[in-house]
Each structure stands twice: as structure tokens, then as C-alpha cells.
Amino acid sequence: MHALKAVEAIKEDLIEFTQTIVKIPSLTGEEEKVAKVVLAKLQDFGVDETWIDEIGNVIGVLRGQDRGPDILLNGHLDVVPAGRLESWRYDPFGAEIDANGNIQGRGTADMKGGLSALVFAMKLIKDIRDRGVELPGDVIFSAVVFEEAAEMFGMEYLCKKSLPSKELSFDVCYLAEPTTGKVNLGHRGKVELVVETKGRTAHSSQPWRGINALEKMVPVLNQIFNKTGQELPVHPDLGQCSITVTNIVCKPGALSIVPDECEISVDRRYVPDETPDGIVAEFEEILEEISKADPEFEASVRVRTLLEKSYTGYMKEVQKHHPVWIVERNHPFVQKTCQALKRIGQQGDMGYFLGGVDGGMTAGLMGIPTIGYSGADENLAHTPEENIPIKTLVEDTEAYVSIICELFDIHNRKLLR
Ligand SMILES: [Zn+2]
């Protein structure tokens, strides 16, 4: 199946723009340069209102006729670090095109490819409107900061401050995250717990004089690995809940001194009938049980909070938490999305994210139907093999235009030729 002519016409510009933004290493908290490039492109395309908000998110709006639905297109500007350069065959920030027509580099799949496709979809929808077709609702483009940190720092600001300040709202949200072409409808919740044990320092030549906080952590670790981890619920769509330990720190952490503080980071994935408060309460019961058997045991548990600062200097205390979310498969927006993908020869199969994304905000906390979609390979995200085929870039752009037209009941395909 051939891409729509209108998409073919912008293909070279689309490739070049994707390469330009991949070449800017926009680690979390360092998104300023890429934000300005994305903003300039939206302005080039003549999008009605464009701005960078106080936290550093880029927003562009195509105004519709107030009948709705209003559509939020969302991506993130940040990428994870490249890791060890020796692992890369290509320069992670070189955006080279390989012999097979794939753009190589960090952020190509997650998600600068998808983000480019959204930018160009804005242009193509504007072109349709310029030809006299009314858009029943607004199309809002958004590229947020701080997605990879899993705290929804940028996304929360977008949804709670930036959009309401311009009296903008939305009925459905699309996330350009890599889904290997699936229509993704949710994920397990993800929360980072901090468990701390306390002890008493002593000279480590005489450890019996102190209380070793690391030793006090042993029954907690046993509980996580041998008991809690075996007993977690399974959700028919979102899968198995999980728990694991991702870090351990002892203080003071030096030779010759028994540590009096030990802290572990616990990654807990949860399903819809659980909450972070409930998970913390469960943990408190476990700690209570351990302390009954050991009067010296002193421990606490909480959700990790951090004071974050965006590149603009905006600061807020946030939790390491992506709330659980799931959208009904038979929701009309989901059905129309699948229909739109089938119209352009794609499968339109449904799926779910394994990791957490900013849909935790829109669907999880706000209850607004949210759909993840991009043809980029989800298994390449965060790896040294990360790439996006040019073919996928073109198909993504076509898909977003097709989806928006379907939601707006614009079926005159001549408009796109
Ligand atoms: Zn992502």
C-alpha cells in the first residue's frame, strides 16, 4: 500500500527534521535546545498558537469549531542516556541513515521519530483545514519535558496548568511512544518505594557493639524475594504484578564502621484494584511483623519523592509514580483508531505497555481515554541498537492523519492526495 500523496510530499523534510532533533542530546532536564527547534517547526508550519510553557513543554494548537472531540497529541522531548559508547555501532547522536534505510541513534524509537510524525501530522491537518474543511474540535500538539524520569513532572504541568490557562481541554490523548504498531491501551502502575532500616554505629572490629542496619535489611529482602514476589495478583490484560529491588545504599558506608542506615529502592508494579497507599500499608504490616520477632528492628517505608527542576528553573516536589491505567477495548475512540489504521493497511491490533508512560496522568489520574501508538519497535527503546525505519516514520505520520480524520469524520480522501 502506498502512502498518501500528501505524506510522500513531505517525506524528505520529515527525515531531515527527525535527524536534526536526534542530533540534539536532550537528556531529562536538558531539553531546551530541542524544545526551541520543535517550536520553530510548528511556527514554520503556521500552527495557530504555539508557545513554550513555564516548565519548558512545547505546545501548538490548531483551533476547531468547538463541537469536539478535542484531540491531544503528545510526545516527550527527553531521552535516556546513551550508556557505554562501546556498545553502539553508530554514533548515538549522529542520526545516520544505515544501508537499510533506518535512522540510527538514541531517541529515534523513543520517541523523536514519533514526535516528528506528530509535528508533520499537525501540518497536514492544517493543510486540510486550509482547503476549507472545518475541524470540529481542536488538535493540540504537546511535547513535554521529563517523561523518562517517571514522575509526570512535565505532563502534569501541561494538563493542570498550561492547557487550562488557555481554556484548552481534550477528549482523547495519543502518545507517540513506540508500540511496534499496536494500539496500546494501558499499563500497570509503577511506584518506587524507599525502605529504610536504622541501626547504631560501632567500630567494625567489634561489630557486636553496634546494630548493623544492613543486617536488619536481610529479613525485608527475604520477604520481597521469597514471599511478596510470589503472591502478587495477575491482571488479564495488564499482566503479572511485580516487585524487585533496584538499589541498596548503606551509610556511612566506609571501612571500619558498622552502618547505622540502610536504604533499598523497591520497584513495584501494580494493577487497577491496588493503590500506592495500599501498597505502603501492606509494607508497613510486613515491617511490623518483623519487629515483633526482633525488638531491635527499626524500619520505615514511603513512596520516593524528589524535588525536580526543569531547564527553565521551574521546581516542584514529585513522586516516583506512574499511576495504573487501562482504556476499554470497545471505547468508540479505540474502535475508530483501529478502523483508521486498517484503512491505511495497518493491523490495528491492541496491546499494553510493559513500562510506564505519561498516560498515567491523562488516563490514570484524569480518566481521559489515552492511546499509545507508533510503529517504532518498542524492544529497541533505551538500547544501543535504537533506530527507526524511514518507512515507519512515514507510516506513523500517515497513521496520525488518518486517525484524526476518522475522529473528525473527515472522509474525503481526495483532500490528502
Ligand atoms: Zn518514551
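Good morning. The domain bounds that I shall use come from an automatic or database domain assignment. On that basis, the protein chain is divided into two parts: domain 1, covering 5-186 + 324-416, and domain 2, covering 189-307. Please keep in mind throughout that this is a predicted model.

Let me begin with the two domains. How far apart do the C-alpha centres of domain 1 and domain 2 lie? The separation is 38 Å. In the contact, domain 1 takes part with six residues and domain 2 with seven residues. On the side of domain 1 that touches domain 2, four residues are nonpolar and two are polar, while no charged residue appears there.

I now turn to the packing of helices. Two packed helices are described by the angle between their axes and the distance between the axes. I shall give both values for each of three pairs.

The first topic is helix 1, residues 5-22, with helix 2, residues 32-44. Their axes are 10 Å apart, and the packing angle is about 160°. Angles over 145 degrees count as roughly antiparallel, and helix 1 and helix 2 are therefore roughly antiparallel to each other. Helix 1 passes helix 2 in a crossing that is right-handed. On the helix 1 side, the contact is made by F17, T20 and I21, and on the helix 2 side by V34, V37, V38 and K41. Sorted by class, the contact of helix 1 with helix 2 holds five nonpolar residues, one polar and one charged.

Helix 1 also packs against helix 3, residues 108-130. The axes of helix 1 and helix 3 are again described by a distance of 10 Å, and the angle is about 140°. Are helix 1 and helix 3 oblique or roughly antiparallel to each other? The angle for roughly antiparallel must be over 145 degrees, and helix 1 and helix 3 are therefore oblique. The crossing of helix 1 past helix 3 is right-handed. From helix 1, the residues A6, V7, I10, L14, F17, T18, I21 and V22 meet a set in helix 3 that consists of T108, K112, G113, S116, V119, F120, K123, L124 and D127. The residues of this contact divide into 10 nonpolar, four polar and three charged. You may wish to find F17 and I21 in the structure: both take part in the contact with helix 2, and both also meet helix 3.

The remaining pair is helix 7, residues 332-343, and helix 9, residues 390-407. Their axes come within 8 Å and cross at roughly 130°. Helix 7 and helix 9 are therefore oblique to each other, and their crossing is right-handed. In helix 7, F333, K336, T337, Q339, A340, L341 and R343 meet A399, S402, I403, E406 and L407 in helix 9. In the contact of helix 7 with helix 9, six residues are nonpolar, three are polar and three are charged.

Next, the strands. Strand 1, residues 49-52, runs antiparallel to strand 2, residues 58-62, and four bridges join them. Which residue of strand 2 stands opposite E49? That residue is V61. Strand 1 and strand 2 form a hairpin with five residues between them, and G56 in the turn has a positive phi of about 110°.

Further along the chain, strand 15, residues 305-309, pairs with strand 16, residues 315-319, in the antiparallel sense over five bridges. Here L307 has E317 in strand 16 as its bridge partner. The hairpin of strand 15 and strand 16 has five residues between the strands, and G313 takes a positive phi near 100°.

Finally, I draw your attention to some details of the backbone. Where are the cis peptide bonds in this model? One is the bond from G68 to P69, with omega near 0°. P69 is found in the loop between strand 2 and strand 3, the latter being 71-76. Another cis peptide bond joins D110 and M111, with omega about -10°. M111 has its place in helix 3.

One further residue deserves a look. A95 is not a glycine, although its phi is positive, at about 55°. A95 is found in the loop between strand 3 and strand 4, the latter being 102-104.

Thank you for your attention.

Terms used: Residues are numbered from 1 along each chain as its sequence is written. This is a predicted model: local features need pLDDT of at least 70, side-chain atom pairs count only at pLDDT 80 or more; totals for chains, interfaces and linings use all residues. Axes are lines fitted to C-alpha atoms, for helices over the stretch in contact, and angles run from 0 to 180 degrees between N-to-C directions. Helices (H or I, at least four residues) and strands (E, at least two) are DSSP runs, numbered from the N terminus. Angles under 35 degrees count as roughly parallel, over 145 as roughly antiparallel, 65 to 115 as roughly perpendicular and the rest as oblique. A crossing is left-handed if the near helix is turned anticlockwise from the far one by less than a right angle, and right-handed if clockwise. Two residues are in contact if their C-beta atoms, placed from the backbone, lie within 7 Å. Ala, Val, Leu, Ile, Met, Phe, Trp, Tyr, Cys and Pro count as nonpolar, Asp, Glu, Lys and Arg as charged, and the others, Gly among them, as polar. Two strands pair if DSSP finds at least two bridges between them.
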